[in-house]
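Here are some short exercises to help you find your way around a new structure. Try each task on the 3D view before you read its solution.

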Amino acid sequence: MVLGGMENLSNNNSEDFNLKKTLSVYFKQWKWFVISIILCCIIAFTYLRYTTPQYLAVAKIMLLDDKDSSTGAFNDLSLFAENEDAKVEDEIQVIKSRSFLRNVIKELNLNVQYFITGRVYDSEIYKNTPIVVNFIESDSVINNTNFNFYTQILSSTDFYYRTNEDDEPKKYAFGQTIPTFFGGMIITPTTNNIDNYVGSDIKVKLTNINTLAESLKYRIGISPTGKSSKVIEVSLTDPVIAKAKDIVNTLIDEYNKSTIQKKNAISKNTADFINDRVDLIALDLVSVDSSIVNFKTSNKVTDVASEAGQFLNSSALNQQQLDAARTQLSQLNYMNGSLGDERFESIPSNLGMGDASISGLSSRYNELLERRRTLLKSAGEQNPVVLELDQTLNDIKQNLQQSINNSTKSLRIQIGSLENQSERINSKIYSVPGQERKLRSIERKQGIKESLYLYLLEKREEAAISLTATSPSAEIIDEAYNSAGGPVFPNKRIIYIGALFLGFLIPFGVIYVSELLDNKIHNKEDLEKIIKNIPVLGEIPRATGNDKSLIERNDRSILSESFRIIKTSFDYVSRGRDVKQYGNVVFVTSTINGEGKSFFSLNMALTMANAKKRVLLIGADVRNPQIYSAIKKHKTKAPSEIGLTEYLVDKSVIIGETINEYNINDIKIDILLSGKVPPNPAELLMSSRMKDLFDSVSAQYDYVIVDTAPAMLVTDTLLISQYAGHTIYLTRAERTEKDILNFAKELHADNKLNGMMLVVNDVKQSNFGYGAKYGYYGTPVKKSFFSRMKF
């Protein structure tokens, strides 16, 4: 658990370190951030100072339906009725139409503008202008003209006039006609404030109305306040708030005037249409009434429904009578059938159906028949009394048959009459539906015409009323006002916030891109990340103008401390290596020229000599020697002009003749200069005397520092690398490219240079690696500006 916790802590510290390192890249350049922010704020201030402020005028209106304004005579008809939802988008396009905008421009005379000219921008004068321009030509010509001119008021009576700003001015008097390409114009002063503008330059701008309307169309904003809302906002941004308010209010007035005119025209057309229709329908009503009269006259009816009822009653009564007559006839036939039998049988006495003779004879016949039956019980059929009764019964039967026959004839005549009457009544009943249908069709037409006639009379009154009581289509909720209470553009807060952001972003972006495209090393850390298997001894700080380039005795400067650290690291690394020969010989080389080999070699030699060591510095870069130029002012006696080149060429020259003793900053050091530049340096360095040289000096000195040529540019260093016990490979911050270090990797991998060690030269103090921000112990601490301000 402890080991795991330590591992996590180490990872977290590593991540924190990486984050801090990333941020430190930007913190090191804080001065550029401050300068960039200050410059951006100055630019923002200048922009705000010389930018014309813009003001926002906003008005709110609510669109009304036609039925809300009570102007539509036919709103209740589906053909003419509109949807319940207001057609907001359509009305917005109507309000922004060019015709409305042209009317606004003409109403406010916006095509003629007056400006006070300034050094940076011109300020518009609205309403309270010192002069007024009157044009002689017609409005149709003026409204389609673009023209600018300048005036300078000299007094209340005269002024200078020029077409272009650089033209020679001409003097005119107020009221005098000024010729132009489109016609004459007259400039008159306003008596209110002309004296306040004496000496002022006034620019007058005449603009084509169509162009101005097109520009105004895109500047005016119209939008609903909410979804499906009838309330809309009309807004306009302009340098003059009073002008913006007037334009918005006038636009709303023009819209209301237009809608009122449209509704009045609709109402008038509606009234005219209704009057025509009323006259036509009145004629149709007269025609329909005549049709009803003609129908009733021709059919001899007054009321078809009541007469039909009477016919039905008559038919029912006639049918009743017919049924009764037929019943009587059937009864008489039955009675007659009963009498036709020779036997004496009783007959119904109540079948006479009101005929008294038949009823009397029937009753008499039945009485006598009953007496006969009674006598037959006591006497026979031959009984005289019985025979007399038979005779009487036969007589009554004959009389009864005669009466029945007479009644039967009468009933048949009556039945025939009733049947004929029933047919007449039924024919009339059958004709009633057709008559009623025709009459109802005519009456239906009459009803339709009457209802339409009454409806049109009502709508004619409504149309007449709407002509005198037409309301606008828009109700003003808020007249135009300055919604922001001040200018909306430029927004100072946004501009300054943007300046701060831009001032921060510019250096950040430059640093980020430069870091992204940077392919050079900057300190020890960068070098260790690229080359992991070669030890890095340390880094040398960049020398400023006041810093010394060579270290001194008991020097406590950063330069001296850095070389002491490198020497300590070198001793530590060299002790860990088993070098059998030339263990005290140190070659100093680099990849390319200009990475500070001679500077490092000289200071490294001085550092070792300052530690009471016998040190020899050899200038082995015979192609481009640099050591002599750095030490020529530190010579103590006349130096020998014989150097390494002369030693290698002339075998008579001994080693002692080439070495000179120098006292550099109170530090004694032996130096073997490179000598004259030879024509064949590579062949010269391959001389066998080179081995004799290193065998001799390695035995006489504690350290031998050899300044060699760049390893990648020439082969000089590689030709003599076998005489080096150790090789310090020098790189330079912000000069040595990361890709070039692959060459150093190859040299190390192929063992072409013995005991390679790395050093980073010319490192900015801000880019120093570990412990850089803490400085060197014992050196004065540099205080910041704010720290120096504290007491």
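**Exercise 1.** Find the salt bridge between arginine 732 and aspartate 762, and work out where its partners sit.

*Solution.* Keep in mind that this is a predicted model.
- Step 1: The closest N and O atoms of arginine 732 and aspartate 762 are 3.1 Å apart, which counts as a salt bridge because the limit is 4 Å.
- Step 2: Arginine 732 belongs to strand 20 (residues 726–732) and aspartate 762 to strand 21 (residues 756–763), so look for partners 30 residues apart.
- Step 3: Arginine 732 has a relative accessible area of 27% and is therefore partly exposed, while aspartate 762, at 12%, is buried.
- Step 4: Widen the view, and salt bridges with shared partners connect Arg542, Arg732, Glu734, Asp762 and Lys764 in one network.

**Exercise 2.** Which parts of the chain does the salt bridge between lysine 127 and aspartate 246 link?

*Solution.* A general idea helps first: side chains of opposite charge can pair when their charged atoms come close.
- Step 1: The N to O distance between the side chains of lysine 127 and aspartate 246 is 2.9 Å.
- Step 2: Lysine 127 is in the loop between strand 3 (123–125) and strand 4 (131–135), and aspartate 246 is in helix 8 (residues 241–299); the two are 119 residues apart.
- Step 3: With 58% relative accessible area, lysine 127 is exposed, whereas aspartate 246 is buried at 18%.

**Exercise 3.** Is aspartate 238 buried or exposed, and what does its side chain meet?

*Solution.*
- Step 1: The side chain of aspartate 238 forms a salt bridge with that of arginine 219, at 2.4 Å from N to O.
- Step 2: Aspartate 238 is in strand 12 (residues 231–238) and arginine 219 in helix 7 (residues 209–219), so the pair ties together parts 19 residues apart in sequence.
- Step 3: Aspartate 238 has a relative accessibility of 2%, so aspartate 238 is buried; arginine 219, at 35%, is partly exposed.
- Step 4: For the wider picture, a search of the whole structure gives 15 salt bridges.

**Exercise 4.** Describe helix 12, from its start to its surface.

*Solution.*
- Step 1: Helix 12 covers residues 492–517, which is 26 residues, and spans 36 Å between its first and last C-alpha, close to the expected 38 Å.
- Step 2: At its start, a side-chain oxygen of asparagine 491 comes within 3.1 Å of the backbone nitrogen of arginine 493.
- Step 3: Ala499, Gly503, Pro507 and Ile511 in helix 12 are buried.
- Step 4: A nonpolar surface patch of about 1100 Å² includes Phe501, Leu505, Phe508 and Leu517. Leucine 505 lies in helix 12 and is partly exposed at 38% relative accessibility.

**Exercise 5.** Where does UniProt place the feature "transmembrane region", and what does the model show there?

*Solution.*
- Step 1: The unreviewed UniProt entry gives residues 30–50 and 494–514.
- Step 2: Residues 30–50 are 100% helix, with end C-alpha atoms 30 Å apart.
- Step 3: Residues 494–514 are 100% helix too, with end C-alpha atoms 29 Å apart.

**Exercise 6.** Which side chain joins aspartate 571 in a polar contact?

*Solution.*
- Step 1: Go to helix 14 (residues 558–575), where aspartate 571 is found.
- Step 2: Aspartate 571 is buried, because its relative accessibility is 13%.
- Step 3: The partner is tyrosine 703, and the contact is 3.2 Å.

Notes:
Residues are numbered from 1 along each chain as its sequence is written. This is a predicted model: local features need pLDDT of at least 70, side-chain atom pairs count only at pLDDT 80 or more; totals for chains, interfaces and linings use all residues. Side-chain values use heavy atoms; hydrogens and water are left out. Helices (H or I, at least four residues) and strands (E, at least two) are DSSP runs, numbered from the N terminus. The expected span of a helix is 1.5 Å times one less than its number of residues. Buried means under 20% relative accessible area, exposed over 50%, partly exposed in between (1.4 Å probe, protein chains only). A polar contact is a pair of N or O atoms within 3.5 Å; within protein, one must be able to donate a hydrogen and the other to accept it, and residues adjacent in sequence count only if both atoms are side-chain atoms. UniProt positions are given in the numbering used here, feature names are shortened, and annotations may be inferred rather than shown by experiment. Patches are made of residues with over 30% relative accessible area and no salt bridge: like charges are joined within 9 Å, nonpolar side chains (Val, Leu, Ile, Met, Phe, Trp, Tyr) within 5 Å. Accessible areas come from the Shrake-Rupley method with a 1.4 Å probe; for residues, only the protein chains shown count as cover.
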